[in-house]
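Work through the exercises below with the sequence and the structure side by side, and try each task before reading its solution.

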Amino acid sequence: MTDKPFLYVVVCAAGVAADVSKLITAAQERDWEVGVFASPTAMNGFFDAAAVETQTGRPIRSAWRRPGDPRPFPAPDAVVVAPATFNTVNKWAAGIADTLAVGTLCEAAGLGVPIAVLPCVAEALAAHPAYQDSVARLRGMGVRFADPYAGEAQVGGERREFGWELALDLLHSP
């Protein structure tokens with residue numbers, strides 16, 4: 001048992017998820033214990049699940065537990081969703097808890113747990129009215145959002161770095 005605060009990290013299926021260990025490392029350096037939830041699609045090769053389990057010392061949660069099974073994680077002190085996809089943001093805002101990852105987000109928001117979101121959404125999808133409405137609804141619930149990361153190559157072929165640590169900063173900003 002530890003006295004450290006517990007952070008849920010929810011990972012969605014976006015290419016940048018391959019680097020989720022950067023977020024886990026930053027959180028651990030800031031004295032968080034970390035447990036990872038992943039969308040079922042993210043579990044299909046979007047990140048190295050075995051390495052993440054080794055890094056956190058805990059199993060990744062991606063499926064519902066059976067009645068009577070113990071909870072593998074304590075209640076969260078905060079939640080980070082990174083990368084957050086168009087699909088997850090819209091389902092979460094609509095209360096469609098059809099995966100453990102989205103169900104966990106719905107519950108955490110309902111409990112008033114601090115939540116920070118790093119969207120990984122193409123510019124065209126970020127401009128979609130459903131996405132805009134979803135972000136506004138979630139912000140109205142107190143969820144903190146970073147600007148969307150489109151991952152588009154910039155002039156010269158370089159890609160802007162995904163701001164993993166920004167999620168932790170958002171948890172502590174008003």
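**Exercise 1: the sheet**

Task: In this predicted model, find the order of the strands in the open sheet, and then decide which strands form its edges.

Solution: Begin with the sheet as a whole, which is open, has 5 strands and runs in the order β2-β1-β3-β4-β5, with parallel pairing. Next, look for strands that pair on one side only; these are β2, residues 33–38, and β5, residues 144–145, and they are the edge strands. Then turn to β3, which covers residues 78–84 and pairs with β4 in the parallel sense over 4 bridges. Finally, locate alanine 84, which stands opposite proline 119 of β4.

**Exercise 2: cysteine 120**

Task: Place cysteine 120 in the chain, decide whether this residue is buried or exposed, and list its contacts beyond the neighbours within four places in sequence.

Solution: First, cysteine 120 belongs to the loop that links β4 (115–119) to α5 (123–126). Second, the relative accessibility of cysteine 120 is 17%, and because buried means under 20%, the residue counts as buried. Third, once neighbours within four places in sequence are left aside, cysteine 120 is in contact with Ala14, Val16, Pro83, Ala84, Thr85, Tyr149 and Phe162. Lastly, compare glycine 110, which is 10 residues away along the chain, and whose C-alpha atom is separated from that of cysteine 120 by 24 Å.

**Exercise 3: the annotated span**

Task: Find which residues UniProt lists for "domain: Flavoprotein", and describe that span.

Solution: The UniProt record, an unreviewed entry, lists residues 8–138 under this name. In the model, the span 8–138 is 40% helix and 17% strand, and its end C-alpha atoms lie 18 Å apart.

Conventions: Residues are numbered from 1 along each chain as its sequence is written. This is a predicted model: local features need pLDDT of at least 70, side-chain atom pairs count only at pLDDT 80 or more; totals for chains, interfaces and linings use all residues. Side-chain values use heavy atoms; hydrogens and water are left out. Helices (H or I, at least four residues) and strands (E, at least two) are DSSP runs, numbered from the N terminus. Buried means under 20% relative accessible area, exposed over 50%, partly exposed in between (1.4 Å probe, protein chains only). Contact means heavy atoms within 4.5 Å. Two strands pair if DSSP finds at least two bridges between them. UniProt positions are given in the numbering used here, feature names are shortened, and annotations may be inferred rather than shown by experiment.
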